[in-house]
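Me: I have a model open and would like to practise reading it with you. Could we go through it feature by feature?

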Amino acid sequence: MNWCCPVFKDYVSVAGERGYAILINKFEEKSLLFILQHRSIDPGKESLVTSSTPLSLETNAHIAFCPWCGTDLHAFYEKQDVAGNGGSDSNA
Ligand SMILES: [Zn+2]
């Protein structure tokens with residue numbers, strides 16, 4: 001897989017973990033969705049959080065351009081065979 005930049009690759013590699021990450025999902029088996037995600041705590045630990053104030057433990061924002069290098073993500077990645085979270089790394 002070819003990456004637009006090393007930083008984008010690094011953020012895809014930590015998808016699903018605590019902190020910031022990039023998720024790449026397929027939409028209706030056709031186009032790709034690029035999601036900038038932030039998780040406040042480790043996955044599976046959400047039930048341990050108690051608060052009298054509403055909290056956002058996970059936030060997701062769809063993006064169209066790489067936040068670091070400005071590449072048009074759809075134009076760059078949709079011609080590649082990107083599956084699931086894009087975590088596969090056959091061309092490091
Ligand atoms: Zn990039």
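Me: Which residues make up the largest nonpolar core?

Reply: Keep in mind as we go that this is a predicted model. Its largest nonpolar core has nine residues: Trp3, Phe8, Tyr11, Val12, Ile22, Phe34, Cys66, Leu73 and Tyr77. Two elements, α1 and α2, give two or more residues to this core. The most comes from α1, with three residues.

Me: How many of the chain's residues are buried, as a percentage?

Reply: Of the 92 residues in the chain, 12% are buried.

Me: Let me look at the first helix, then. Which residues of α1 are buried?

Reply: The general idea helps here. An α-helix has 3.6 residues a turn, so residues three or four places apart point the same way. Now the case at hand: α1 spans residues 6-13, and its buried residues are Phe8, Tyr11 and Val12. Those residues are on the same side of α1, because they cover an arc of only 100° around the axis.

Me: What covers the buried residues of α1?

Reply: The cover includes β1, residues 19-27. You can follow this from Tyr11: leaving aside neighbours within four places in sequence, Tyr11 is in contact with Tyr20, Ala21 and Ile22.

Me: On to the sheet. In what order do the strands lie, and is the pairing parallel or antiparallel?

Reply: In general, strands of a sheet pair through backbone hydrogen bonds, either parallel or antiparallel. Here three strands form an open sheet in the order β1-β2-β3, and the pairing is antiparallel. The edges are taken by β1 and β3 (58-62), each with a single partner strand, so one side of each is left without a neighbour in the sheet. On average, and with direction ignored, neighbouring strands of this sheet are turned by 30° against each other.

Me: How many bridges join β1 to β2?

Reply: Nine bridges join β1 to β2, and these strands run antiparallel. For landmarks, try Ala21, which stands opposite Gln37 in β2, and Asn25, whose bridge partner in β2 is Leu33.

Me: And how many bridges join β2 to β3?

Reply: Five bridges join β2 (residues 31-39) to β3, again antiparallel. Ile35 stands opposite His62 in β3, while Leu36 has Ala61 in β3 as its bridge partner.

Me: What should I look for in the hairpin of β1 and β2?

Reply: The hairpin has three residues between the strands, and Glu28 there takes a positive phi near 50°. Lys30 also lies in the loop between β1 and β2.

Me: Is Lys30 buried or exposed?

Reply: Lys30 is exposed, because it has 7 other C-beta atoms within 10 Å, and a residue counts as exposed with 12 or fewer. Across the sequence, Lys30 and Glu78 are 48 residues apart, with their C-alpha atoms separated by 8.8 Å.

Me: Where does Thr71 lie?

Reply: Thr71 is in the loop between β3 and α2 (73-77). With 17 other C-beta atoms within 10 Å, Thr71 is partly exposed. Not counting residues up to four places away in sequence, Thr71 touches Cys4, Phe65, Cys66 and Phe76. Its C-alpha atom is separated by 8.8 Å from that of Cys5, although Thr71 and Cys5 are 66 residues apart along the chain.

Me: Stepping back, in what order do the elements of the chain run?

Reply: From the N terminus on, they run α-β-β-β-α, which covers the two helices and three strands in the chain. For contacts with a separation of 6 or more, 50% come from residues 24 or more positions apart.

Me: Finally, where does pLDDT stay under 50?

Reply: The general rule is that where pLDDT is low, the predicted coordinates should not be read in detail. In this chain, pLDDT stays under 50 over residues 85-92, for which the model has 15 contacts beyond four places in sequence. For the chain, the mean pLDDT is 88, and 89% of its residues reach 70 or more. Among its elements, α1 has the highest mean pLDDT (98) and β1 the lowest (93).

Definitions and conventions. Residues numbered from 1 in each chain as written. Predicted model: local features only at pLDDT ≥ 70, side-chain atom pairs only at ≥ 80, totals over all residues. Buried ≥ 20, exposed ≤ 12 C-beta atoms within 10 Å, placed from the backbone. Helix = DSSP H or I, 4+ residues; strand = E, 2+ residues; numbered from the N terminus. Arc of directions from axis to C-beta. Contact = placed C-beta atoms within 7 Å. Pairing = 2+ DSSP bridges. Axes fitted to C-alpha atoms, helices over the stretch in contact; angles between N-to-C directions. pLDDT = per-residue confidence, 0-100. Core = buried A, V, L, I, M, F, W, Y, C linked by C-beta atoms within 7 Å.
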